[in-house]
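Biologist: I am new to this structure and would like a close look at a single part of it. Please choose one region, take me through its surroundings step by step, and then set that region within the rest of the chain.

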Amino acid sequence: MGVNVNTSTTTHVETHKETHKPGGAPARYAKGRYARGWSRAHRWTAALPRLTFWFMLAAVVVAVAGCNRPGGAPGVSVRTSFALGTLVQIRAYGSKAREAVSDAFDRIEAVEALMSANVATSDVAAVNREAGGLPTRVADDTLYVVKKARRYGDLSRGRFDMAIGPLVRLWGIGTNHARVPSPEEVAAARSLVDHRDVEIDETRGTVRLRRAGMALDLGAIAKGFAADRAAEALLQQGVKSAFIDLGGNILVLGSKPDGSPWRVGIQNPWKERGATFAVVPVRDMAVVSSGTYERFFEQAGTRYHHIIDPDTGYPAETGIVSATVLARRAVDADALSTTVFLLGPSNGMRLVTQLPGVQAVIVTQDRQVMASPGLRGVIEVSKGWTIRFYGASDAQES
Ligand code: AMP
Ligand code: MG
C-alpha cells in the first residue's frame, strides 16, 4: 500500500538504530553469573558464608531476569528505518531477536535493490530500459513477484496492471512534480499499459516488455513481498513472535509473547495516520490496506490519488476509500488490497470470498464498512461505526 517503488526515495535513514530491551541478554548474563558464582564457591567449600552469598546473589539475578521473560520470551529487539520509500518498523522476540531484525532489514533492502524502478541497477529498471527490445534476465525473487502480479492482473481482468508504469510516471503522485495531465497525455500513456504485453519466460528466468515506452511498476506488491522476506529471515533466526510494519503493510508472526493474538488496527481514512476505526486480532497473518489517503494531491477541490484505473488512465473511482485485505502472505494481501480497491465493493468482495484464507474490509465514500463473512465475530469496530458483512442483510453496530 502507499508505496510507489517507482517514485519513492531510496535513501536509507536510520531513525532509531537498535533498541535491545531487557529480557534476552540479561537472562543469558544471569546464567553466566550463576555458573561462575557457583563454581568459585564450590572451590572454596570451607567458606560457607561466601557460598551462601553467591547463591543468594545468583538467585536474585535469575529472579529479576525471570521477571523480564514472561512466558519464556527471551528478548525483544525493535528497529525503525526508512526503506522502500516508507517507514519500516520491526519488533521481534527471541534469543536472537537482534540478529534476526538485522537480517530482516537486509532482506527488505535486497527487495528494494531488485524491484525499485528508481534504482538504476534494479531488475525493474533494467527490464524497463529494454522495453521493446531484448528479454532481461532477472532474479528469482523478481520473477516470483512478476508472476504473482500476472496472476492478480488476470484475476482482476487487467484492473491490477503491473505495466502501469507510464501512467504512474505521468501523474507523478507522491513526487514533487505531481500534476493533472492533459487528456492527450493520458491517452498516450494508457495505450502503453497492458500487463498481457509483459512476457515472462520461466525457464530462462527473463522478463520482456513487448513495446517500447512500456514500464513495469511493482509498487502495489513489492512491499508485501518484502514483508514476507523479512518474516523468513526472522524465522530462520528462531523468532516465533514478531510484528513487521512496512508503512502500514502489517505482517505478524505467531502471537504476542504472552500467547494472545496480535491486535492490528485499520486506519480511519478520514483521520490522521495511526487513528483506527477497527481492530482485527490475528496470528500469523498479513493485514494490508490500500487507500486514497495514502498518496494523493489536491487541485481545484479534487483529490487525485495514486491507484490508477488502467482503463481510464485516471485515479480509480470505485466508491472505495480504503480496502484492507488479510491473507497468510503479505505479497498476496498487498496485491489484493490494491486489486479490491480497483474492482470496487461488489466485485472486490466477490473475488475475496472465492479465495481461500483471504478476508477483506472495505470502507466506502459514504462511510459504510463492509467485511467478508469470515470476519464476523472477529473484527472489532470503534463506537459510532456500523459494519455489514458481505452477503448478509443485517448490520452490526458498535
Ligand atoms: P498500494 O498502495 O499497494 O495499493 O499500491 C499503489 C501503487 O501501485 C501505486 O503507487 C503505483 O505504484 C501502483 N499502481 C497504481 N495503479 C496500479 C494498478 N492499476 N495496478 C497495479 N499497480 C498500480
Ligand atoms: Mg498493494
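Modeller: Two residues are in contact here if their C-beta atoms, placed from the backbone, lie within 7 Å. With that in mind, and remembering that this is a predicted model, let us look at Val325 and the elements around helix 10. Leaving aside neighbours within four places in sequence, Val325 is in contact with Val288, Ala333, Leu336, Ser337, Val340, Val352, Val358 and Ala360. Val325 is also one of four residues, together with Ala230, Leu234 and Ala286, that touch the most other members of the largest nonpolar core, a set of 103 residues. This can be set beside a general tendency: in soluble globular proteins, nonpolar side chains tend to be buried together.

One of the contacts of Val325, Val352, leads us to helix 10, which spans residues 345–354 and in which Pro345, Gly348, Met349 and Val352 are buried. These four cover an arc of only 95° around the axis, so they lie on the same side of helix 10. The spacing can be read against a general rule, that an α-helix has 3.6 residues a turn, so residues three or four places apart point the same way. As for what covers the buried residues of helix 10, the cover includes strand 14 (320–327), helix 9 (330–343), strand 15 (359–364) and strand 16 (369–371).

For the wider setting, the protein has 10 helices and 19 strands, and buried residues make up 45% of its 398 residues. Among contacts between residues at least 6 apart in sequence, 64% join residues at least 24 apart.

Elsewhere in the chain, two loops offer a contrast to the buried side of helix 10. Asp284, in the loop between strand 10 (276–282) and strand 11 (285–291), has a positive phi of about 40° although it is not a glycine, and Asp284 is partly exposed because 14 other C-beta atoms lie within 10 Å. Ala300, found in the loop between strand 12 (296–299) and strand 13 (302–305), likewise has a positive phi, near 45°, in a residue other than glycine. With 5 other C-beta atoms within 10 Å, however, Ala300 counts as exposed, given that a residue is exposed if 12 or fewer such atoms lie within that distance.

Notes. Residues are numbered from 1 along each chain as its sequence is written. Chains are lettered from A and ligands numbered from 1 in the order in which they are written. This is a predicted model: local features need pLDDT of at least 70, side-chain atom pairs count only at pLDDT 80 or more; totals for chains, interfaces and linings use all residues. A nonpolar core is a set of buried Ala, Val, Leu, Ile, Met, Phe, Trp, Tyr and Cys residues joined through C-beta atoms within 7 Å. A residue is buried if 20 or more other C-beta atoms lie within 10 Å of its own, exposed if 12 or fewer, and partly exposed in between; C-beta atoms are placed from the backbone. Helices (H or I, at least four residues) and strands (E, at least two) are DSSP runs, numbered from the N terminus. The arc is that of the directions from the helix axis to the C-beta atoms.
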